Amino acid sequence: MAPNALDADTIIQRVAPITDRHGPEIQPFGHLVSMPIALSASVCRESVDNLNQLLADTMTLRDMYKKHHWQVAGPTFAQLHQLFDKHYREQNDLVDGIAERIQLLGGVSIAMAHDVAETTIIPRVPRGREAAPVQLSRLLHAHEIVLKEARTMARLAAEQRDDGTNDLLVSDVIRANELQVWFVGEHTVELPLVYSRERA
Ligand SMILES: [Fe+2]
């Protein structure tokens, strides 16, 4: 063996995956890093706080869609099963956009389910299975909560000249939620019975 060569046991120890590393957070939640994006610290803070609330509610709405995708029942099963999964994917894209905007502004985005549960203002959904009309009503209510806060946040961002946040809220969040409300809402309409003239 060469003078400085390592024996096989030492090499094996060094290449084993390390699972017990611990350390302080590199950025505590609620503390902003100053980013060179020509926005004041106070504007960034307000947008980060607003976007984290919107993020928690959007993650909740996204997960409601997956729950309802799995648990839907009844004669419209196939249609709703597919619609709910499409909306889940679209909400998931919004979640990514909102979270990355928070990081871009120098903040820390919430990410984990327990933090989302503590933050969201959407009413808690039961673990059990619910009938399709109840699922649809829940979704419409959650969408309206998200739309109401997103409109307020968009106005505030515009006033503060945070154009990127305003654009995300208006072009992505508000438009996507409005469109989903249309598709979900049409499943709740109770149409009048239609008779042929001979039978009337
Ligand atoms: Fe699926």
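Which residues touch the most other members of the largest nonpolar core? In this predicted model, they are Leu 51, Leu 54, Leu 55, Leu 61, Ile 98, Leu 169 and Val 173. The core holds 41 residues. Four helices each give two or more residues to this core: helix 2 (41-71), helix 3 (77-104), helix 5 (132-159) and helix 6 (163-185).

Leu 61 shows what surrounds one of these core residues. Neighbours up to four places away in sequence are set aside here. Leu 61 then touches Gln 91, Ile 122, Leu 139, Ala 142, His 143, Val 146 and Asn 177.

His 68 is found in helix 2. Its relative accessibility is 1%. His 68 therefore counts as buried, since the cut-off is under 20%. Beyond its neighbours within four places in sequence, His 68 is in contact with Phe 84, Val 125, Gln 135, Arg 138 and Leu 139. Leu 139 is thus listed both for His 68 and for Leu 61.

Helix 3 was compared with its expected span. The helix has 28 residues. At 1.5 Å a residue, these should span 40 Å. The end C-alpha atoms are 40 Å apart, so the two values agree. Gly 106 follows helix 3. The phi of Gly 106 is positive, near 95°.

A search of the whole structure finds seven salt bridges. One of them joins Asp 85 and Arg 89, with the closest N and O atoms 3.5 Å apart. Both residues lie in helix 3. They are four residues apart, about one turn of the helix. The two partners differ in exposure. Asp 85 counts as buried because its relative accessibility is 14%, under the 20% cut-off. Arg 89 has a relative accessible area of 47% and is partly exposed.

Arg 101 forms another salt bridge, with Asp 162. Here the closest N and O atoms are 2.8 Å apart. This pair links distant parts of the chain. Arg 101 is in helix 3, and Asp 162 is in the loop between helix 5 and helix 6. The two residues are 61 residues apart. Arg 101 is buried, and Asp 162 is buried as well.

A further salt bridge is formed by the side chains of Glu 178 and Arg 151, at 3.0 Å from N to O. Glu 178 lies in helix 6 and Arg 151 in helix 5, so this pair ties together parts that are 27 residues apart in sequence. Glu 178 counts as partly exposed, at 37% relative accessibility. Arg 151 also counts as partly exposed, at 35%. Elsewhere, salt bridges that share partners join Lys 66, Asp 85 and Arg 89 into one network.

The surface also carries nonpolar side chains. Leu 6, Ile 11, Ile 12 and Val 15 make a nonpolar surface patch of about 370 Å². Leu 6 is placed in the segment before helix 1 (8-15). The relative accessible area of Leu 6 is 39%. Leu 6 is therefore partly exposed, as this value falls between the 20% and 50% cut-offs.

How values were computed. Residues are numbered from 1 along each chain as its sequence is written. This is a predicted model: local features need pLDDT of at least 70, side-chain atom pairs count only at pLDDT 80 or more; totals for chains, interfaces and linings use all residues. Side-chain values use heavy atoms; hydrogens and water are left out. A nonpolar core is a set of buried Ala, Val, Leu, Ile, Met, Phe, Trp, Tyr and Cys residues joined through side-chain atoms within 4.5 Å. Buried means under 20% relative accessible area, exposed over 50%, partly exposed in between (1.4 Å probe, protein chains only). Contact means heavy atoms within 4.5 Å. The expected span of a helix is 1.5 Å times one less than its number of residues. Patches are made of residues with over 30% relative accessible area and no salt bridge: like charges are joined within 9 Å, nonpolar side chains (Val, Leu, Ile, Met, Phe, Trp, Tyr) within 5 Å. Accessible areas come from the Shrake-Rupley method with a 1.4 Å probe; for residues, only the protein chains shown count as cover. A salt bridge is a side-chain nitrogen of Lys or Arg within 4 Å of a carboxyl oxygen of Asp or Glu.
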